[in-house]
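Biologist: Could you walk me through the model before I go back to the bench? I would like to start with the empty spaces and then move on to the helices.

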Amino acid sequence: MRGIFTPVTNLRRQVFKKVAELAFSGEFDQIDELPYRIIKGEVASYRESVFKERAIVAERIRLACGLNLRSASEHAPISRDFNKALTTERVFELPLVDVIPFACNACDTVHYEVSNNCQGCLAHPCTSVCPVKAVSLVDGRSTIDPEKCLKCGRCASVCPYSAIIKRERPCAAACGVGAIESDDLGRARIDHEKCVSCGQCLVSCPFAAIADKSQIMQLILALKGEGKVFAEIAPAFVGQFGPLATPSKVKAALLEIGFDGVYEVAQGADDVSVSEAEEFLEKVPEELPFLATSCCPAWSVFAKRTLGEKLAGCVSCSLTPMVATARIIKAEHPDSRVCFIGPCAAKKLEAFRRTVRSDVNYVITYEELMGIFAAKEIDFSKDCEEPIGDATETGRNYAVSGGVAEAVVSCIKTKHPEREVSIERAEGLANCKKMLTLAKAGKRNGYLLEGMACEGGCVGGAGTLQPLAKAAAAVRKFASEASRKNKLVDEGQPE
Amino acid sequence: MKPRLDVEVCVCTQCVMNGALDIADSVESLKKLKSQLRLKSSVHVDASRGICDKDKHDCSPLVIVDGERLEKTTSEMVMSKVISAMRKTD
């Protein structure tokens with residue numbers, strides 16, 4: 001339900017806020033009370049019983065604290081092994097994104113169904129177009145034989161009454177890598193070998209049955225504690241927290257909740273653009289047939305897997321903006337911790353990688369941060385005197401689909417204005433797959449390929465709060481206020 | 001002069017988290033249904049200030065329709081309020 005505020009959105013945000021409140025207050029013995037504060041009264045408002053609603057919320061609370069899901073077959077209060085979450089270290093274990101089985105509606109898997117709209121018309125084109133004779137007229141009504149049906153959808157597309165409908169699980173429809181399967185009770189189950197944690201299933205499930213783990217608890221404990229913690233905020237943040245939260249006010253708010261400093265991830269993105277531009281100029285087409293961008297972690301994992309061992313090197317080996325920025329911070333403040341704040345679920349997984357762990361300590365989404373702001377009653381009334389950062393226009397536009405390729409090309413053009421670069425881009429993992437298939441077949445040689453796992457780019461990520469079009473416009477506007485186009489422009493190079 | 005209906009949506013942190021901007025958008029979207037709804041007056045949405053009283057209980061999302069204060073609103077609640085108010089001003 002992207003871009004519409006539903007009870008599902010509300011539940012998710014209440015959990016973040018309550019967990020953040022608990023972390024700030026330090027009254028950890030209240031943890032078992034939380035489901036009663038979120039789901040009030042005796043009457044169920046979403047599901048068949050208030051007990052089940054609370055049981056599901058309890059699982060979401062555990063996930064938000066970074067703990068593992070439990071099976072409905074084990075009896076345990078939320079507080080059991082809760083002490084594990086009370087640390088400033090990373091506690092969560094894989095899998096990151098998972099189905100809460102007893103919250104799942106066990107929706108039908110994909111198939112076509114004839115609805116009451118069928119008039120049994122004389123033309124009945126549904127039967128004519130079916131390649132396997134799965135559709136026939138029985139008792140004056142179109143009927144589909146599920147044994148024969150290929151699920152090609154031709155019958156549905158020709159029906160003059162739109163009477164044939166596609167039934168599909170929203171989570172599976174949102175998953176571009178085909179990672180949703182079923183368990184023995186027909187409920188959705190994620191194949192973690194295939195899943196790249198883009199998070200699209202969790203924002204698409206109308207029953208709020210899928211959730212990811214969070215580091216809100218550990219981050220807040222670190223903010224309250226002794227050591228220094230720095231925030232690096234990804235460029236899609238503009239406009240996410242409402243009209244009052246201008247970039248400079250967001251910076252002031254981050255300092256108010258306890259961060260010791262704020263960096264723009266776009267700053268790291270600027271370095272990545274330069275490095276990917278150099279990589280492209282150096283290696284394409286001599287060493288590598290094409291170059292794929294690397295900043296979207298869900299895309300890069302998926303691309304390496306899809307391209308296979310031989311072509312995996314075509315995915316740029318540049319650092320991601322998150323890691324590049326974290327390294328800038330750690331170089332300036334050696335004993336600090338770094339928290340990446342972004343729109344992305346997959347970044348949580350990226351930060352889990354062995355090579356990245358020491359650079360990025362926490363990853364939280366804008367939605368989780370909003371819960372923290374709400375818990376701390378931040379009202380965005382304070383301005384920060386210093387600007388949030390000094391990143392370039394193209395670095396800030398990384399957040400919008402097309403922005404990464406644009407930034408890399410902009411750097412290439414700054415150095416070699418005569419060089420023509422062919423680019424192709426895809427958004428959404430299903431579209432990325434098509435692009436990769438063509439590239440693998442040798443049809444995209446010499447290209448720069450930009451892949452974004454989420455439609456619209458990072459502004460459409462699973463952890464965002466605002467509708468895509470609005471968010472993209474806000475990012476572009478903020479980017480246009482930057483002093484220069486890319487990092488090479490000021491360094492004595494002609495634009 | 002066409003009568004104008006003023007709708008003010010609070011955009012404080014609690015209200016934004018609880019969907020205030022979505023409510024503002026859904027009221028804006030009524031403009032597209034002007035002919036279906038046979039509305040003669042126009043609606044003006046202001047979502048630029050925080051108007052909740054922080055010291056009182058949480059009433060988010062807070063919306064003021066034609067001077068009337070509505071607490072803990074939803075899109076459907078505000079839209080139907082706006083439509084009935086616009087019909088009155090006809």
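Modeller: What follows goes through pockets, cavities, helix contacts and a few backbone details. This is a predicted model, in which local features need pLDDT of at least 70 and side-chain atom pairs count only at pLDDT 80 or more, while totals for chains, interfaces and linings use all residues. Residues are numbered from 1 along each chain as its sequence is written, chains are lettered from A and ligands numbered from 1 in the order in which they are written, and side-chain values use heavy atoms, with hydrogens and water left out.

Biologist: What volume does the largest pocket have?

Modeller: The largest pocket has a volume of about 690 Å³. Here a pocket is an open set of points on a 1 Å grid over the protein atoms alone, with protein on both sides within 12 Å along at least five of seven lines, whereas a cavity is a set where a 1.4 Å probe fits but cannot get out; lining residues have an atom within 4 Å of a point. Grid points are joined across faces, edges and corners, and the volume is the space filled by probe spheres set on the points.

Biologist: Which residues are closest to the centre of that pocket?

Modeller: Of the 28 residues in the lining, those closest to the centre are A:Asn10, A:Gln14, A:Tyr46, B:Asn18 and B:Lys72. At least two lining residues each come from α1 (7-25) and α2 (34-38) of chain A and from α2 (20-29) and α4 (75-88) of chain B, and α1(A) has the largest share, with six residues. Helices in this naming are DSSP runs of H or I with at least four residues, strands are runs of E with at least two, and both are numbered from the N terminus.

Biologist: And by class, how does that lining divide?

Modeller: It divides into nine nonpolar, 10 polar and nine charged residues, where Ala, Val, Leu, Ile, Met, Phe, Trp, Tyr, Cys and Pro count as nonpolar, Asp, Glu, Lys and Arg as charged, and the others, Gly among them, as polar.

Biologist: What about the second largest pocket, how much space lies in it?

Modeller: About 530 Å³. The second largest pocket is lined by 36 residues, and the closest to its centre are A:Arg2, A:Gln200, A:Val203, A:Ser204 and A:Gly460. Here too α1(A) gives the most to the lining, with four residues, and by class the lining has 20 nonpolar, 10 polar and six charged residues.

Biologist: Switching to closed spaces, how many cavities are there of 30 Å³ or more?

Modeller: The search of the whole structure finds nine, and the largest cavity has a volume of about 320 Å³. Among its 29 lining residues, the closest to the centre are A:Cys295, A:Cys296, A:Cys344, A:Lys347 and A:Cys458. The lining has 25 nonpolar, three polar and one charged residues, and α10(A) gives the most to it, with three residues.

Biologist: Let's stay with α10(A), then: at what angle does its axis cross that of α16(A)?

Modeller: The axes of α10 (residues 265-283) and α16 (residues 403-415) of chain A come within 8 Å and cross at roughly 65 degrees. That makes α10(A) roughly perpendicular to α16(A), since angles of 65 to 115 degrees count as roughly perpendicular, under 35 as roughly parallel, over 145 as roughly antiparallel and the rest as oblique. Axes are lines fitted to C-alpha atoms, for helices over the stretch in contact, and angles run from 0 to 180 degrees between N-to-C directions.

Biologist: Which residues of the two helices meet?

Modeller: From α10(A), A:Val274, A:Phe280 and A:Leu281 are among them, and from α16(A) they include A:Val404, A:Cys411 and A:Ile412, with contact meaning heavy atoms within 4.5 Å.

Biologist: And α1(A), how does that helix lie against α3(A)?

Modeller: The axes of α1(A) and α3(A) come within 10 Å and cross at roughly 55 degrees. That makes α1(A) oblique to α3(A). A:Leu11, A:Arg12, A:Val15, A:Phe16 and A:Val19 in α1(A) meet A:Val57, A:Arg60, A:Ile61 and A:Ala64 in α3(A).

Biologist: Last topic, where are the cis prolines placed?

Modeller: The peptide bond from A:Leu94 to A:Pro95 is cis, with omega near 0 degrees, and A:Pro95 sits in the loop between α3 (50-64) and β1 (97-99) of chain A. In chain B, the bond from B:Ser60 to B:Pro61 is cis, with omega near -10 degrees, and B:Pro61 is in the loop between β2 (42-46) and β3 (63-65).
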